[in-house]
Amino acid sequence: MSMVIDDTNERFILDTNIWLDWFVFAQAPDSAIAQLKQYISQRRNNCQVLMTPAMWDAWADVLGRVQFSIDPERQQALLRQTREIVQLVDTPPIPRQRIRCIDADDQMFIDAALNFSVSYLISKDRHLLKLRSRARPYHVWIGTPEDWLKREGDIRSTPSEKLV
């Protein structure tokens, strides 16, 4: 599964809550998640969305949870769609300068973000969001889709040549 990570690309990690918003929950066309989707889709050659095996397993597990009522065929379709977007990467070693997350289930996101020097860790999880200032010295930006949109600006108003 090992792949080459291009240092010239923007790198993203999205937590499972963001994937739920991306695929499962309806979003208004002008919502932050819709604009994030558009941004990533339009920049496929210039950005990478990274996912480790543990993140993949967590995503598959979430899709199968009863409260979301997603039938098995749709679950498989969503996993196929996810696979078209993400770059699967090997599980990284524990970073030398580890930032501990209170929620052990979320540790994989911050570890991968630090190891792969991602540009953005997009999350709505309060445990990960609390790590923003501690991740900043490592050049990892952590925030919600709304925070990302404020940071990057409304992409609908960005000239199209910048998005290609």
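Reader: Happy to start with the basics: how many residues does the protein have, and what share of them count as buried?

Author: Of its 164 residues, 48% count as buried. Buried means under 20% relative accessible area, exposed means over 50%, and partly exposed is in between, with a 1.4 Å probe and protein chains only. Do keep in mind that this is a predicted model, where local features need pLDDT of at least 70 and side-chain atom pairs count only at pLDDT 80 or more, while totals for chains, interfaces and linings use all residues. Residues are numbered from 1 along each chain as its sequence is written, and side-chain values use heavy atoms, with hydrogens and water left out.

Reader: Thanks! How much surface does the protein expose, and what do carbon and sulfur atoms supply?

Author: The protein exposes about 8900 Å², and carbon and sulfur atoms supply 48% of that area. Accessible areas come from the Shrake-Rupley method with a 1.4 Å probe; for residues, only the protein chains shown count as cover.

Reader: Which elements make up the secondary structure?

Author: Helices (H or I, at least four residues) and strands (E, at least two) are DSSP runs, numbered from the N terminus. Here there are nine helices and five strands. Starting at the N terminus, their order is β-α-α-β-α-α-β-α-β-α-α-β-α-α. Contacts add to that picture, a contact being heavy atoms within 4.5 Å. Among those between residues at least 6 apart in sequence, 66% join residues at least 24 apart.

Reader: Let's turn to charges. How many salt bridges does a search of the whole structure find?

Author: The general idea is that side chains of opposite charge can pair when their charged atoms come close. A salt bridge is a side-chain nitrogen of Lys or Arg within 4 Å of a carboxyl oxygen of Asp or Glu. The search finds six salt bridges. One of them joins the side chains of Arg-43 and Glu-10, at 3.2 Å from N to O. That pair links distant parts of the chain, 33 residues apart: Glu-10 is in strand S1 (residues 10-14), and Arg-43 is in the loop between helix H2 (32-42) and strand S2 (47-51). Are these two residues buried or exposed? Both Arg-43 and Glu-10 are buried.

Reader: And where do Asp-21 and Lys-124 lie?

Author: Their side chains meet in a salt bridge too, at 2.6 Å from N to O. Asp-21 lies in helix H1 (residues 16-23) and Lys-124 in the loop between strand S4 (120-122) and helix H6 (126-129), so the pair ties together parts 103 residues apart in sequence. Asp-21 is buried at 9% relative accessible area, whereas Lys-124 is partly exposed at 39%. Another salt bridge joins Arg-65 and Asp-61, whose closest N and O atoms are 2.9 Å apart. Arg-65 is partly exposed, with a relative accessible area of 38%, and Asp-61 is partly exposed at 43%.

Reader: What about the aromatic rings: how many pairs does the search find?

Author: Rings of Phe, Tyr and Trp (its six-membered ring) pair if their centres lie within 6.5 Å; planes under 30 degrees apart count as stacked, over 60 as edge-to-face and the rest as tilted. The search finds 10 aromatic pairs. Phe-12 and Tyr-39 form an edge-to-face pair, 6.3 Å centre to centre with 65° between the planes. This pair links Phe-12 in strand S1 with Tyr-39 in helix H2, 27 residues apart. Phe-12 and Tyr-39 are both buried. The ring centres of Phe-25 and Phe-68 are 6.0 Å apart with planes at 65°, so that pair is edge-to-face. Phe-25 is partly exposed at 37% relative accessibility, and Phe-68 is partly exposed at 22%.

Reader: Which residues form the aromatic cluster?

Author: Phe-12, Tyr-39, Tyr-120, Trp-141 and Trp-148 form one cluster.

Reader: One last feature: which residue takes a positive phi just after H5?

Author: Most residues other than glycine have a negative phi, and most peptide bonds are trans. Just after H5, Ser-117 takes a positive phi of about 45°. Ser-117 sits in the loop between helix H5 (107-115) and S4, and is partly exposed at 39% relative accessibility. Helix H5 itself is mostly covered, with seven of its nine residues buried, among them Phe-109, Ile-110 and Leu-114. His-139 also has a positive phi, about 65°, although it is not a glycine. His-139 is in the loop between helix H7 (132-135) and strand S5 (141-143), and is exposed, with a relative accessible area of 68%.
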